[in-house]
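Got the viewer open and the sequence panel showing? Let's walk through this one stop by stop, selecting as we go.

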Amino acid sequence: YTKIIADHKQDGDWLFFTGDFNCQSYDEVIKNFGKDYHDSAQASWFFPILYQPDHIFTTRGMKTLAWTAVCCKPHPGDCYAVNETVRWKGSAAACAATPSDHQMLKGTYEIPLNTSSNTD
């Protein structure tokens, strides 16, 4: 990812790269991506096998003002913030953003004006 992003990123571009990376926060893929970009938010825990597969990566130099994991249950739209990554213990006890089986990530960011994003 990093090479493709670097090849296409232009001066003044700011990156938000989000998703379910299907690997844990401490796996090499996440660590390597974190060398070039800020791992600004993480969520979900499929206990005991997969810890924090969901991430928001941002361009370095962008300020993270706040972030939280969000769960929605029992119906989509009945959402609330959680201050921790909640363990998945099966569908009945899962804290997820229904209808997904993952938590949602919500972040608030400040993008510097009149500065270059080429800080990596």
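## The whole chain

Start with the cartoon view: the protein has 2 helices and 6 strands. Keep in mind that this is a predicted model. Trace the chain along its sequence and you'll meet the elements in the pattern α-β-α-β-β-β-β-β.

Now switch on the surface. The protein exposes about 7300 Å², with carbon and sulfur atoms supplying 54% of that. As for what is hidden, buried residues account for 36% of the 120 residues. If you like contact maps, take the contacts between residues at least 6 apart in sequence: 67% of them join residues at least 24 apart.

## The three-stranded sheet

Next, select residues 16–20, 37–46 and 50–59, which are strand S1, strand S2 and strand S3. Together, 3 strands form an open sheet in the order S1-S3-S2, with antiparallel pairing. S1 and S2 are the edge strands, each pairing on one side only. Look along the sheet and you can follow the twist, which averages 20° from one strand to the next.

How many bridges hold S1 and S3 together in the antiparallel sense? There are 5 bridges between S1 and S3. To see some of that pairing, show Thr 18, whose bridge partner in S3 is Ile 56. Then pick Phe 16, which stands opposite Thr 58 in S3.

Move across to the other seam. S2 and S3 run antiparallel and are joined by 8 bridges. One spot to click on is Phe 46, since its bridge partner in S3 is Leu 50.

Before leaving S3, color the sheet by accessibility. S3 is mostly covered, with 9 of its 10 residues buried.

## The helix on the sheet

Now add helix H2, residues 28–36. H2 packs on the sheet and touches S1, S2 and S3, and its direction makes about 155° with that of S2.

Stop at Val 29, which sits in H2. Is Val 29 buried, partly exposed or exposed? Val 29 counts as partly exposed because its relative accessibility is 49%, and the exposed class begins over 50%. Try a distance label here too: the C-alpha atoms of Val 29 and Tyr 1 are separated by 9.9 Å, with their positions 28 residues apart along the chain.

## The nonpolar core

Show side chains for Ile 5, Leu 15, Phe 17, Phe 21, Cys 23, Ile 30, Phe 33, Tyr 37 and Phe 57. These 9 residues make up the largest nonpolar core. Cys 23 belongs to this core, and Cys 23 counts as buried because its relative accessibility is 10%, which is under 20%.

Center on Phe 17 next. Which residues does Phe 17 contact, leaving aside neighbours within four places in sequence? The contacts are Tyr 1, Phe 33, His 55, Ile 56 and Phe 57. Of these, Phe 33 and Phe 57 are also listed in the core.

## The disulfide

For the last stop, select Cys 72 and Cys 79. The structure holds 1 disulfide, and it joins Cys 72 to Cys 79 with an S to S distance of 2.0 Å. Chemically, a disulfide is a covalent bond between the sulfur atoms of two cysteines. Turn the view to look down the S-S bond: the angle about it is 100°, and the link of Cys 72 and Cys 79 is right-handed.

The two ends differ in cover. Cys 72 is buried, at 2% relative accessibility, whereas Cys 79 is partly exposed, at 40%.

Methods
Residues are numbered from 1 along each chain as its sequence is written. This is a predicted model: local features need pLDDT of at least 70, side-chain atom pairs count only at pLDDT 80 or more; totals for chains, interfaces and linings use all residues. Side-chain values use heavy atoms; hydrogens and water are left out. Helices (H or I, at least four residues) and strands (E, at least two) are DSSP runs, numbered from the N terminus. Buried means under 20% relative accessible area, exposed over 50%, partly exposed in between (1.4 Å probe, protein chains only). Contact means heavy atoms within 4.5 Å. Accessible areas come from the Shrake-Rupley method with a 1.4 Å probe; for residues, only the protein chains shown count as cover. A nonpolar core is a set of buried Ala, Val, Leu, Ile, Met, Phe, Trp, Tyr and Cys residues joined through side-chain atoms within 4.5 Å. A disulfide is a pair of cysteine sulfur atoms within 2.5 Å. Two strands pair if DSSP finds at least two bridges between them. Axes are lines fitted to C-alpha atoms, for helices over the stretch in contact, and angles run from 0 to 180 degrees between N-to-C directions.
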